[in-house]
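Visitor: I keep seeing labels stuck on residues in models like this one. Can you take me through them and set each one against its cut-off?

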Amino acid sequence: MSNIALQIERLAPGVITVGSPVLFDNVVYTDGNITYNPATGIVTFNEAGRYIVDWWVAPQAASLPPPAGVIFALSTSQGAFQEGNLLDRNDQVVGIGIVDVAAAPVTMTLSN
């Protein structure tokens, strides 16, 4: 079993425009052959394996008129696109995805 892990968070306020990646500004924990570029929002898996990605976003969407809401999704350089779930338009968007890396490197972003 591999010991590759990355925990990142965004502490800065601001708008993430539609189609843009989330730019995380704090690396909480990193270990193993995985990298994060804070300028682009790209996570790079540098080693073959199966990666579980668990994420959540607490949007400030109360000012959006109904039925508007927010959608965040993981997308990879392999073409995978995994949307998160928003149970209430003023609540958290959550998602869990699996990125299966047969040949490294593979990149991933979390985008609005």
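Visitor: Why is Y51 called buried?

Guide: Y51 has a relative accessible area of 9%. Buried means under 20%, exposed over 50%, and partly exposed in between, with a 1.4 Å probe and protein chains only. So Y51 goes in the buried bin. Bear in mind that this is a predicted model, where local features need pLDDT of at least 70, side-chain atom pairs count only at pLDDT 80 or more, and totals for chains, interfaces and linings use all residues. Residues are numbered from 1 along each chain as its sequence is written, and side-chain values use heavy atoms, with hydrogens and water left out.

Visitor: What makes F45 buried?

Guide: Its relative accessibility is 2%, so the under-20% rule puts F45 in that bin too.

Visitor: How many aromatic pairs are there?

Guide: Two. Rings of Phe, Tyr and Trp (its six-membered ring) pair if their centres lie within 6.5 Å; planes under 30 degrees apart are stacked, over 60 edge-to-face, and the rest tilted.

Visitor: What makes the pair of F24 and Y36 edge-to-face?

Guide: The planes of F24 and Y36 are 70 degrees apart, with 6.0 Å centre to centre. That is within 6.5 Å and over 60 degrees, so edge-to-face it is.

Visitor: Which parts does that pair tie together?

Guide: F24 is in the loop between β1 (5-9) and β2 (26-31), while Y36 is in strand β3 (residues 34-37), so the pair ties together parts 12 residues apart in sequence. Strands here are DSSP runs of E with at least two residues, numbered from the N terminus. F24, at 16% relative accessible area, is buried, and Y36, at 14%, is buried as well.

Visitor: Why is the pair of F45 and Y51 called tilted?

Guide: Their ring centres are 4.4 Å apart and the planes sit at 40 degrees. That angle is neither under 30 nor over 60, so the pair is tilted.

Visitor: How do you know that R50 and D100 meet in a salt bridge?

Guide: Their N to O distance is 3.7 Å. The rule asks for a side-chain nitrogen of Lys or Arg within 4 Å of a carboxyl oxygen of Asp or Glu, so this pair qualifies. The count by that rule is one.

Visitor: Where do R50 and D100 lie in the chain?

Guide: R50 is in strand β5 and D100 in strand β9, 50 residues apart, so the pair links distant parts of the chain. R50 has 61% relative accessibility and counts as exposed, whereas D100, at 43%, is partly exposed.

Visitor: What makes I96 exposed?

Guide: Its relative accessible area is 66%, so I96 clears the 50% mark. I96 sits in strand β9 (residues 93-101).

Visitor: And where is G19, and why is it called exposed?

Guide: G19 is in the loop between β1 and β2. At 56% relative accessibility, G19 is over 50%, so exposed is the right label. In sequence, G19 and S111 are 92 residues apart, yet their C-alpha atoms are 6.1 Å apart in space.

Visitor: What is the omega of the peptide bond joining A104 and P105?

Guide: About 5 degrees, and the bond is cis. P105 lies in the loop between β9 and β10. For context, most peptide bonds are trans.

Conventions:
Helix = DSSP H or I, 4+ residues; strand = E, 2+ residues; numbered from the N terminus.
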